[in-house]
Amino acid sequence: MTATLAIENLKVAIGDSNVLRGVSLDVQPGEVRGLVGESGAGKSMLGRAVLGLLPANAVIASGRITFEGRDLLAMRETERRDLLGRRIALIPQDPMTSLNPVKRVGSQIGSLLRHHLSLSKRAALTRAAELLTEVAIREPERVLSLYPHEISGGMRQRVLIAMAFACDPSLVIADEPTTALDVTVQRQVLQLVERLRLRYGSAVLFITHDLGVVAKICRTMTVLHAGRVLEEGETAEVLVRPHHAYTRALLAATPRADRPAEALRPVPPALIEQLWSDARKLDSMSVARPA
Amino acid sequence: MADIAITSPAKSPSHLGAGLKRGGARLWVGAALVAILVLVALFAPVLAPHDPLEQDLLSAQLPPAWMQGGDPAYFLGTDSLGRCVLSRLIYSARTAVIVALIAASLAALIGVALGLFAGSFGGWVDQVISRLIDVWMAFPPVLLSIVLAAVIGAGLTSVIVAIVVVDWTRFARVVRAETMVQLTRDYAAAARAIGLSRAKILRLEILPNLVPLLVTLLAVEMGIAILVEVILSFVGISVSGDTPTWGSMIAEGRQIVYQAPWIMAFPIGCIIASVIGLNLLGDGLRLALDPVQRS
Amino acid sequence: MRWGEIIRRLVLVPPTLFGVAVIVFVLLRVVPGDPISMMISPGASEADIARLRALYGLDQPILHQFVAWLGQVGIGDFGRSISVRQSVFDLLLMRLPATLELVLLATVIALVIGGLAALTGILLRGRRAEWAVDGGVGVLLAIPDFLWALILLLLFGVLVPLLPISGRTDPQIDLDLHSNFYLIESLVRGRFDTVAALLHHMILPALALALPFAAIIARLLKASLAEAEDQDYAQVARARGYSRPSILLHEVFPNALIPTVALGGVQITLLLGGTVLVERIFSYEGIGNMAIDAVINRDFPLIQGLVLTFAVMFIALNLVVDFVVTLLDPRLRHG
């Protein structure tokens with residue numbers, strides 16, 4: 001079966017620093033894969049690379065990204081834009097800044113639907129109301145007429161989730177959608193994502209630094225550090241029997257309900273240093289190798 | 001106690017090379033234009049082919065030498081009274097530079113003083129000065145300068161006074177804002193803590209930090225002074241008598257613009273070059289002296 | 001709408017105007033030089049001078065004069081112009097429409113030029129040609145309106161004589177209009193040849209007024225567009241497959257418009273102030289042109305009337321700009 005998303009040996013550099021050092025991962029149809037790592041590990045960059053939204057000064061040194069068998073990197077701009085928002089969607093991180101402040105909620109959802117699905121204005125509004133109901137927003141007609149600053153952060157995130165699933169995507173990239181929210185709202189958001197992805201049959205690449213979230217929603221996971229994949233596999237396996245020292249350290253640093261707080265241990269700096277020097281060695285090795 | 005030295009951040013040595021590079025093309029082009037202006041003003045007697053006041057009514061309204069009917073002796077032509085346009089342009093540059101320097105410096109003096117007071121004393125002093133600035137800026141500058149010059153009468157003094165009166169607020173506002181910002185910085189608090197008087201802090205710490213900003217403002221202000229002089233001449237109120245100024249040349253030229261357009265055209269060119277040069281220089285200096293500064 | 005805010009601003013208008021009136025009134029009488037001395041012919045006797053003074057009420061104490069003037073203004077009488085010997089009110093009424101039309105035309109031109117320049121600048125963002133756009137705008141900014149007036153006059157009036165350089169209209173044309181709003185009325189009535197003739201005369205002074213303002217708009221708008229384009233919601237829009245032009249137009253522009261109008265709208269006062277010289281240079285019969293002579297002749301009633309008129313326009317403009325900003329930004333509307 002063709003993987004929904006297949007990333008092969010992706011190397012991305014921004015200026016002098018290597019952001020992604022040969023990352024490979026895949027997401028099968030309907031799979032929810034977690035992408036874990038601390039800030040700066042390259043997780044967001046990976047998401048951006050898939051969406052084609054790397055910063056202007058980023059260089060893709062090598063590697064392939066295929067979506068349902070189609071090469072995303074080699075694609076024409078117009079083809080890619082046709083996929084984005086429709087078959088590949090994004091749930092952005094910060095709900096407070098990810099919605100246009102001067103347009104009503106209904107207008108923002110509506111223009112997305114009209115652009116990709118060519119719906120009429122009325123049909124788009126009806127569909128928008130349906131979507132809001134799916135993300136458990138009461139009084140959808142009223143919310144459609146509101147501006148983003150008139151609804152809460154949690155509600156805004158639900159609107160963004162609705163917009164991600166609006167056009168029945170095959171792949172949803174969730175870029176730390178729970179990071180900016182408080183814990184009680186986080187649970188609701190995770191439930192929503194799970195429910196919607198089941199309903200639309202979408203695969204999800206769930207980017208996060210929170211192992212707890214990964215445990216709840218992701219069947220498979222990939223651990224990233226310094227732009228390198230350190231470990232990957234079924235979540236249940238990885239979290240119970242981690243192979244890599246880094247994964248073990250991450251686990252030890254994650255608060256759990258069944259463990260006293262004093263048992264928390266920060267990731268040892270020595271380990272981090274080791275990992276970074278390993279990464280840099282990898283860089284110099286690939287430079288030294290003849291082309 | 002007296003050994004404690006307090007260094008404010010801007011006193012760190014600014015490398016000449018890096019500064020020049022930051023200034024970029026603006027700095028060079030601006031400096032070149034302004035240099036030409038200043039040199040022409042300085043060496044006017046040497047450069048000008050004729051006496052700017054000398055009239056030759058037989059050679060009135062001659063076109064520039066390269067046009068039909070032109071006379072090589074009067075390279076840029078003559079005006080209605082037969083005076084050499086080129087010579088008048090050159091001597092006008094001298095007047096422009098003098099007026100610009102004096103007026104800009106005076107405006108700076110008043111504006112900086114008031115700005116420093118407002119910024120450092122705060123409280124009601126600041127309130128009064130700020131209200132004053134607001135009301136002052138509410139008056140359209142053109143109208144204000146015309147009213148002033150009309151009231152005081154023609155002459156160099158009135159032109160300078162008009163410029164100063166109209167534009168001191170430019171310095172005051174910026175200096176006030178900068179002073180308030182600088183005073184919140186740590187080094188100022190440290191200075192206060194060891195008992196330096198307010199005046200000393202102003203003199204030793206704050207003023208030197210303001211220098212890059214002031215230099216830029218001065219350059220811009222000089223450009224404005226040149227423009228105000230033009231406005232006043234055009235309205236018939238400016239430096240009196242035959243003293244050539246670009247503004248008066250334009251005013252005269254406007255009357256006979258169909259017959260002798262060059263009389264108006266050349267001074268306009270000089271003004272544009274000077275004003276753009278001064279603006280570029282000010283911009284370039286701002287970038288070169290302190291890239292973090294915002295004007 | 002922030003009703004409370006708007007009412008508060010409106011309430012502040014009369015006292016502000018009062019303050020302006022007081023300042024001008026006092027200033028005129030306190031500084032040396034008075035209208036009578038401008039008017040008298042040499043050899044006039046003391047008695048004549050005294051008589052003229054009394055005629056215009058200038059021999060009364062200042063407070064007296066002010067109260068008298070206020071009373072007259074209250075019933076719409078702005079007095080008689082000393083230099084032009086007509087009712088100030090009539091003079092203003094006659095000439096104000098000309099200036100208003102000029103300023104209106106200049107604003108439209110400035111918006112178009114400034115908008116296009118900003119659009120070009122933002123589309124070229126990051127490319128080398130952007131520097132050319134920035135430079136061009138910088139030049140536009142450095143040259144003030146009256147200088148542009150002179151340049152345009154030279155270029156298109158004299159050297160390449162395409163356009164007339166004086167007056168509001170061709171003296172030979174029979175206008176046959178009711179109001180003094182020549183341009184607007186001709187447009188409304190469909191008299192397009194009259195419109196063409198009027199525009200012929202208005203285009204150069206309007207352009208002179210417009211160019212510096214256009215530069216300000218261009219710079220502001222481009223900076224606002226650039227800043228808005230870097231915001232999260234614009235980036236997210238890219239992830240939804242919209243093209244860059246589409247994002248700029250639909251997502252970014254409505255946001256960028258807000259700071260542009262807020263900061264740039266007030267600068268329309270530049271246009272108003274600029275009419276004084278530009279109208280003079282083109283001998284255009286508006287109120288700006290009157291101002292210079294009024295000042296030189298120390299024509300108190302006329303100066304007072306003019307200053308009050310300008311002040312009212314300034315204040316009205318500020319109010320309109322604030323109103324428009326509230327319309328554009330939904331976040332400002334609900335308290």
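**Sheets of chain A and helical packing of chains B and C**

In strand E5 of chain A, Asp71(A) is the bridge partner of Thr66(A). The model is predicted, so that local features are reported where pLDDT is at least 70 and side-chain atom pairs count only at pLDDT 80 or more, whereas totals for chains, interfaces and linings use all residues. Residues are numbered from 1 along each chain as its sequence is written, while chains are lettered from A and ligands numbered from 1 in the order in which they are written. Helices (H or I, at least four residues) and strands (E, at least two residues) are DSSP runs numbered from the N terminus, and two strands are said to pair if DSSP finds at least two bridges between them.

The pair Thr66(A) and Asp71(A) belongs to the antiparallel junction of strand E4 (residues 58-67) of chain A with E5(A), which comprises 2 bridges. These strands form part of an open sheet of 4 strands in chain A, ordered E2-E1-E4-E5 and paired in the antiparallel sense. Strand E2 (17-27) and strand E5 (70-71) of chain A occupy the edges, where each has a single partner strand, so one side of each lacks a neighbour in the sheet.

An open sheet of 6 strands in chain A has mixed pairing and the order E6-E7-E8-E3-E9-E10. Its edges are held by E6 and strand E10 (228-234) of chain A, each with a single partner strand, so one side of each is without a neighbour in the sheet. From one strand to the next, the twist averages 15°. At one edge, strand E6 (residues 88-91) of chain A is covered on both faces, with Ile88(A) and Leu90(A) on one side and Ala89(A) and Ile91(A) on the other all buried; here a residue is buried if 20 or more other C-beta atoms, placed from the backbone, lie within 10 Å of its own, exposed if 12 or fewer do, and partly exposed in between. In a regular strand the side chains alternate between the two faces of the sheet. E6(A) runs parallel to strand E7 (residues 171-175) of chain A, to which 4 bridges join it, and Leu90(A) has Ile173(A) as its bridge partner in E7(A). Another parallel pairing, over 4 bridges, links strand E3 (residues 32-36) with strand E9 (residues 220-225) of chain A, where Gly34(A) is partnered by Met221(A).

Chain C, by contrast, has 14 helices and 0 strands. Its C-alpha trace spans about 85 × 55 × 40 Å along the principal axes, and 39% of its 335 residues are buried. Two residues are taken to be in contact if their C-beta atoms, placed from the backbone, lie within 7 Å; of the contacts in chain C with a separation of 6 or more, 74% are between residues 24 or more positions apart.

Two packed helices are described by the angle between their axes and the distance between the axes. Helix H7 (residues 145-159) and helix H9 (residues 192-229) of chain C pack with their axes 8 Å apart and at an angle of about 140°, which makes H7(C) oblique to H9(C). The contact involves residues including Trp148(C), Leu152(C) and Phe156(C) of H7(C) and Leu204(C), Leu207(C) and Leu211(C) of H9(C). By class, the residues of this contact comprise 12 nonpolar, 1 polar and 1 charged, where Ala, Val, Leu, Ile, Met, Phe, Trp, Tyr, Cys and Pro count as nonpolar, Asp, Glu, Lys and Arg as charged, and the others, Gly among them, as polar. Axes are lines fitted to C-alpha atoms, for helices over the stretch in contact, with angles running from 0 to 180 degrees between N-to-C directions; angles under 35 degrees count as roughly parallel, over 145 as roughly antiparallel, 65 to 115 as roughly perpendicular and the rest as oblique.

Chain C touches both other chains described here. Its contact with chain B takes 23 residues from chain C and 23 residues from chain B. Helix H6 (130-142), H7, helix H12 (268-281) and helix H13 (287-296) of chain C each contribute at least two residues to the side that touches chain B, and the largest share, 8 residues, comes from H7(C). This side of chain C has 21 nonpolar, 2 polar and no charged residues. Towards chain A, 18 residues of chain C are in contact with 23 residues of chain A, and the largest share of that side of chain C, 5 residues, is given by H10(C). Its residues divide into 6 nonpolar, 6 polar and 6 charged. Chain B, for its part, has 10 helices and 0 strands, and 48% of its 295 residues are buried.
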